[in-house]
Amino acid sequence: MPVLKILICGGGCAGPVLAYWLARSGHQVTIVERFPALRTTGAQIDIRAQGIQVLQRMGLLDIFRRKLVDEAGVALVNSGGNIKATVLANKSGKGAQSLTSEYEIMRGDLVRVLYDATKDDVTYIFGKTVESFEQDANNQGVTVHFSDGQIRRYDILVGADGQGSRIRKAILPTDTDPIKRLGLYLAYWFVPRAEMDNNIRKVYHIPSAII
């Protein structure tokens with residue numbers, strides 16, 4: 001197999017995982033990230049099913065376990081804050097994960113783990129992004145125009161730049177919305193830990209309204 005020159009746009013979670021396997025197969029991989037450094041913000045991420053298998057095959061499961069969020073489960077409460085039911089995390093190592101995954105980690109910690117696992121074999125470019133690109137007429141490569149004016153050619157360009165991916169938007173027909181909208185909206189924020197708090201997440205659900 002010839003060595004391919006591959007550019008991945010996006011240095012969050014998906015990009016570095018793909019880069020790991022491509023570099024392991026002997027290809028020359030570059031990740032371009034528009035932020036000036038690793039973007040380590042964000043809340044918890046639950047890893048489930050095939051995601052757990054991938055971490056294991058990458059040899060990162062032990063490192064991952066050392067950085068887990070200590071969330072033992074989820075408690076469903078009523079309007080008075082009284083617990084009506086509790087679903088604990090499945091930490092048996094068997095079967096499916098419950099409402100709380102045994103493998104829950106802060107996004108920033110996951111990004112750092114993946115960066116450390118790839119930085120020696122993958123070239124990272126921060127503070128720059130892909131402005132535009134053109135596919136070769138014979139489909140043998142792609143010419144990439146970067147935000148700093150540089151132009152480079154690659155065999156493959158991968159868009160791993162999030163839900164609002166500019167790469168994906170440029171590839172799909174103009175009348176295509178890559179996001180299936182369900183009419184649901186989510187906001188999160190961080191609050192100081194209170195003395196009464198424990199490691200059980202509390203959820204209050206108002207039917208047909210909010211959770």
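Leu55 counts as buried, because its relative accessibility is 6% and the cut-off for that word is under 20%. Keep in mind as you look around that this is a predicted model. Leu55 has its place in helix α2, which covers residues 50–57. What does Leu55 touch, leaving aside its neighbours within four places in sequence? Its contacts there are Ile47, Leu60, Leu61 and Phe64. For a sense of distance, try Thr176: that residue is 121 places from Leu55 along the chain, and the two C-alpha atoms are separated by 33 Å.

## The four-stranded sheet

Now for an open sheet of four strands, in the order β7-β2-β1-β11, with parallel pairing. Its edge strands are β7 and β11 (156–159), and each of them pairs on one side only. Direction ignored, neighbouring strands here are turned by 20° against each other on average.

Helix α1 packs on this sheet, where it touches β1, β2 (28–33), β7 and β11. The direction of α1 makes about 165° with that of β2.

Strand β1 (residues 5–9) is a handy one to follow through the sheet. Four bridges join β1 to β11, and the two run parallel. If you'd like a residue to look for, Cys9 has Gly159 as its bridge partner in β11. β1 also pairs with β2, again in the parallel sense, over five bridges. There, Leu7 has Thr30 of β2 as its bridge partner. How much of β2 is covered? Most of it: five of its six residues are buried.

## Helix α4

Helix α4 takes in residues 107–118, which makes 12 residues. From its first C-alpha to its last it reaches 17 Å, close to the 16 Å expected at 1.5 Å a residue. Which residues of α4 are buried? They are Arg107, Gly108, Leu110, Val111, Val113, Leu114 and Thr118. As background, an α-helix has 3.6 residues a turn, so residues three or four places apart point the same way. The cover over the buried residues of α4 includes two helices, α1 (14–24) and α3 (61–65), along with the strands β3 (44–47), β6 (103–106) and β7 (123–126).

## The three-stranded sheet

There is also an open sheet of three strands, ordered β5-β4-β12, and its pairing is mixed. β5 and β12 stand at the edges with a single partner strand each, so one side of each is left without a neighbour in the sheet. On average, neighbouring strands of this sheet are turned by 25° against each other, direction ignored.

β4 and β5 pair in the antiparallel sense over five bridges. Two spots to check are Ala75, whose bridge partner in β5 is Thr86, and Val74, which stands opposite Val87 in β5. The hairpin these strands make has five residues between them, and in it Gly81 takes a positive phi near 80°.

Is strand β5 (residues 83–88) mostly covered or hardly covered? Hardly: among its six residues, the count of buried ones is zero. Thr86 lies in this strand. Thr86 is partly exposed, because its relative accessible area is 43% and that class runs between 20% and 50%. Not counting residues up to four places away in sequence, Thr86 touches Val74 and Ala75. Val203 is 117 residues from Thr86 along the chain, yet their C-alpha atoms are separated by 9.9 Å.

Here are the strand pairs described so far, side by side.

| Strand pair | Sense | Bridges |
|---|---|---|
| β1 and β11 | parallel | four bridges |
| β1 and β2 | parallel | five bridges |
| β4 and β5 | antiparallel | five bridges |

## The largest pocket

Last stop: the largest pocket, with a volume of about 1,900 Å³. It is lined by 38 residues, and the closest to its centre are Gln44, Tyr188, Trp189, Arg201 and Lys202. Which strands each supply at least two residues of this lining? Among the suppliers are β3, β4 (73–77) and β12 (200–204). The largest share comes from β12, with five residues. That links the pocket to the sheet with the order β5-β4-β12, since you can find both β4 and β12 in the lining.

Conventions:
Residues numbered from 1 in each chain as written. Predicted model: local features only at pLDDT ≥ 70, side-chain atom pairs only at ≥ 80, totals over all residues. Heavy atoms only, no water. Buried < 20%, exposed > 50% of the residue type's maximum accessible area, 1.4 Å probe, protein only. Contact = heavy atoms within 4.5 Å. Expected span 1.5 Å × (residues − 1). Pairing = 2+ DSSP bridges. Axes fitted to C-alpha atoms, helices over the stretch in contact; angles between N-to-C directions. 1 Å grid on protein atoms, 1.4 Å probe; cavity = no way out; pocket = protein on both sides within 12 Å on 5 of 7 lines; lining within 4 Å. Points joined across faces, edges and corners; volume = space filled by probe spheres on them.
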